[in-house]
Amino acid sequence: MLSVPTISAPSINAFNPPRRTLMGPGPSDVYPEVLAAQAKPTIGHLDPLFVAMMDELKSLIQYAFQTENEMTLAVSAPGSAGMETCFVNLVEAGEKVIVCRNGVFGERMRQNVERVGATAVVVDNEWGEPVSVEAVEAALKANPDAKFLAFVHAETSTGALSDAKSLCALAQQHDCISIVDAVTSLGGVELRVDEWGIDAIYSGSQKCLSCVPGISPVSFSDKAVAKIKSRTTPVQSWFLDQTLVMGYWGNKDSGAKRSYHHTAPVNALYALHESLRLLATEGLENAWQRHADMHQLLRSGLEQLGLNFVVDESCRLPQLNAVYIPQGADDALVRKQLLENYNLEIGAGLGALAGKAWRIGLMGYAARRENVALCLRALDEVLN
Ligand code: PLP
């Protein structure tokens, strides 16, 4: 006879989340088709049908990133793990990395650099400004021994878009490997990995892809792969070591046979497959245009409400609209009323903008007319 466990079972009801409209910095509203895809039967992660689905997934990620990079896959963890994948695989202790910091996520990159024992040369820009191409050029000239240039394409903490094309061209001129954060940019604004010469890039499933959170698409150029292969020390992280992971994702070098590395999040990968399939069906250029159009609609409504944008028009992200909180408005109370009375989530300010700005997301499935209308009506009613 088995004895009863000493800790008794808690009595808890099934969790039933409400249906919210997510217009914050992410996660964004998930496509209904994606939620349905995730609910399909779980099959083995080495099942031939699953492996065939992964091949399709890889080509869909290649399309979204606009790359033919062979080392293109989905890390089984959120965007921060995609970031860490790039740094722990590429950068070795003692190497020098130029890191651009114009918000929270540039600072997170710097921390990654230091944790691998490398030296970060930080190029700072004010919050709300894009990365300065001139300042990066000066830093590259002053540091000829730098091996990497790392920056955030779309800074979610402020809503600023940086000129990835020019920055990567500079990295190439100075023989540096570029590491680009595309967590918020992928699917929402123009991004061309091969044409712009991006070497290492990571994104997240939960922003403009409108997939469930927790997966990070990544891609490495041949130059980046060569750097990984030339390492003199093993990658410190076993889980994120791309040379091991590729055995599962099946790159040419590892032979056709897939081998177990970790148990893939099978159903989350169905979801990513569906969200990327929807993006491919819409067409990247149409998705970029839809984000731009919805931003213009939201922008004119916000301006009519008297709200001012944090970021200058010239480098404003359509998918992340940071506006100053108007005088007299109670930040937390407004967001609470939006959530409770309208089931609408907008984002609080982060870091230097905490308590000063709201971040209104128009990401993926959320970039629709009805969302813009709901957000403007709700803000108007709550503020006036
Ligand atoms: N980089 C940027 C630009 C982000 O916006 C985020 C998340 O908001 C991350 C990295 C980290 O992604 P995650 O929260 O999925 O780990």
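Reader: In which sense do strand β3 and strand β5 pair, parallel or antiparallel?

Author: In this predicted model, strand β3 (residues 96-101) and strand β5 (residues 148-152) pair in the parallel sense, over three bridges. One partnership to locate is that of V99, whose bridge partner in β5 is A150. Helix α4 (residues 104-115) packs on the sheet here, touching β3, β4, β5 and β8 (177-181). The direction of α4 makes about 160 degrees with that of β3.

Reader: What is the order of the strands in the open sheet?

Author: A general point on strands comes before the case. In a regular strand the side chains alternate between the two faces of the sheet. Here seven strands form an open sheet, in the order β2-β10-β9-β8-β5-β3-β4, with mixed pairing. Because β2 and β4 (119-124) stand at the edges with a single partner strand each, one side of each lacks a neighbour in the sheet. From one strand to the next, the twist averages 15 degrees.

Reader: Which strands pair with β12?

Author: Strand β1 (residues 21-23) runs parallel to β12 and is joined to it by three bridges; within this pairing, M23 has I346 of β12 as its bridge partner. Strand β13 (residues 357-361) pairs with β12 in the antiparallel sense over two bridges, and A348 stands opposite W358 in β13. Strand β12 (residues 344-348) is itself mostly covered, with four of its five residues buried.

Reader: How should one read the buried residues of helix α9, and why do they line one face?

Author: The general idea is helical periodicity. An α-helix has 3.6 residues a turn, so residues three or four places apart point the same way. In helix α9 (residues 242-249), the buried residues are Q242, V245, M246, Y248 and W249. Seen down the axis of α9, these residues fall within an arc of 155 degrees, and therefore line one face of the helix. They pack against α2 (48-65), β2 (71-75), α3 and α8 (222-229). Just after α9, G250 takes a positive phi of about 70 degrees.

Reader: Which residues are closest to the ligand, and which helix gives the most to its shell?

Author: The ligand is surrounded by 13 residues, the closest being P78, G79, S80, T156 and V183. Helix α3 (residues 79-90) gives the most to the shell, with three residues; α3 is also among the elements against which the buried residues of α9 pack. By class, the shell has six nonpolar, six polar and one charged residues.

Note on methods. Residues are numbered from 1 along each chain as its sequence is written. This is a predicted model: local features need pLDDT of at least 70, side-chain atom pairs count only at pLDDT 80 or more; totals for chains, interfaces and linings use all residues. A residue is near a molecule or strand if its C-beta atom, placed from the backbone, lies within 6 Å of it. Ala, Val, Leu, Ile, Met, Phe, Trp, Tyr, Cys and Pro count as nonpolar, Asp, Glu, Lys and Arg as charged, and the others, Gly among them, as polar. A residue is buried if 20 or more other C-beta atoms lie within 10 Å of its own, exposed if 12 or fewer, and partly exposed in between; C-beta atoms are placed from the backbone. Two strands pair if DSSP finds at least two bridges between them. The arc is that of the directions from the helix axis to the C-beta atoms. Two residues are in contact if their C-beta atoms, placed from the backbone, lie within 7 Å. Axes are lines fitted to C-alpha atoms, for helices over the stretch in contact, and angles run from 0 to 180 degrees between N-to-C directions.
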